[in-house]
Amino acid sequence: MEEIKGFIRNIPDFPKAGINFKDITPLLGDAKAFKKVIDTFAERHSGNGIDKVVSVESRGFFFGAALAYRIGAGIVPVRKPGKLPYETISASYELEYGQDTLEIHKDAVKEGEKVLIIDDLLATGGTIGAVCELVEKLGGNIVEIDFVIELGFLNGREKLGERPIFSLIAF
């Protein structure tokens, strides 16, 4: 996936000093590169009987929706509090500067459904750890957690336990 790495732009000091933000908008804007990413994920999961693709606000939605369509699965959004219109369950997680919370509709995943979780980036693992907690509370079986980018030096995999993880690109 080295050819895809070239579509990731580094933005120094965004959103705050000391952060080197990985900007995926050049990847999203290039039809061939975006198709390559979705096709690669789809090849991994076509025929695996995935019932739901769970994606995280907001950049994860780009990949989750396209992948769910491609493999014939439902799409489930996970959002910040107050953004989903129906009854939700929530999970909180730690940030380096505080705490945040994510929500999912309480009927979004059924007991025993095969779930693929996808997001654009694995950093410290806090966000995806909360998503896993939500899916498992609803009775979903996590088949794999996929990322376009993994920042390996932040050791996010450690927070996700023994769950299967796949990343296209590592920095």
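Select helix 3, residues 31-45 (helices are DSSP runs of H or I with at least four residues, strands are E runs of at least two, numbered from the N terminus). At 1.5 Å a residue, its 15 residues should span 21 Å, and the end C-alpha atoms are 21 Å apart, which agrees. The expected span is 1.5 Å times one less than the number of residues.

This is a predicted model: local features need pLDDT of at least 70, side-chain atom pairs need 80 or more, and totals for chains, interfaces and linings use all residues. Residues count from 1 along each chain as its sequence is written, and side-chain values use heavy atoms, without hydrogens or water.

Next, go to the start of helix 3. A side-chain oxygen of Asp30 comes within 3.2 Å of the backbone nitrogen of Lys32. Now jump just past the helix: Gly47 has a positive phi of about 80 degrees.

Colour the buried residues of helix 3 (under 20% relative accessible area, 1.4 Å probe, protein chains only). Among them are Phe34, Val37, Ile38 and Phe41. Their cover includes helix 1 (2-5), helix 4 (59-71) and strand 8 (141-150).

Now show the sheet. Five strands form an open sheet in the order 4-3-7-8-9, with parallel pairing (strands pair if DSSP finds at least two bridges between them). Strand 4 (74-78) and strand 9 are the edges, each pairing on one side only. Helix 3 packs on this sheet, touching strands 7, 8 and 9 (contact: heavy atoms within 4.5 Å).

Finish on strand 3, residues 52-56. Four bridges join strand 3 to strand 7, and the two run parallel. Val53 sits opposite Leu116 in strand 7.

How values were computed. Buried < 20%, exposed > 50% of the residue type's maximum accessible area, 1.4 Å probe, protein only. Polar contact = N/O pair within 3.5 Å; in protein donor to acceptor, adjacent residues only side chain to side chain. Axes fitted to C-alpha atoms, helices over the stretch in contact; angles between N-to-C directions.
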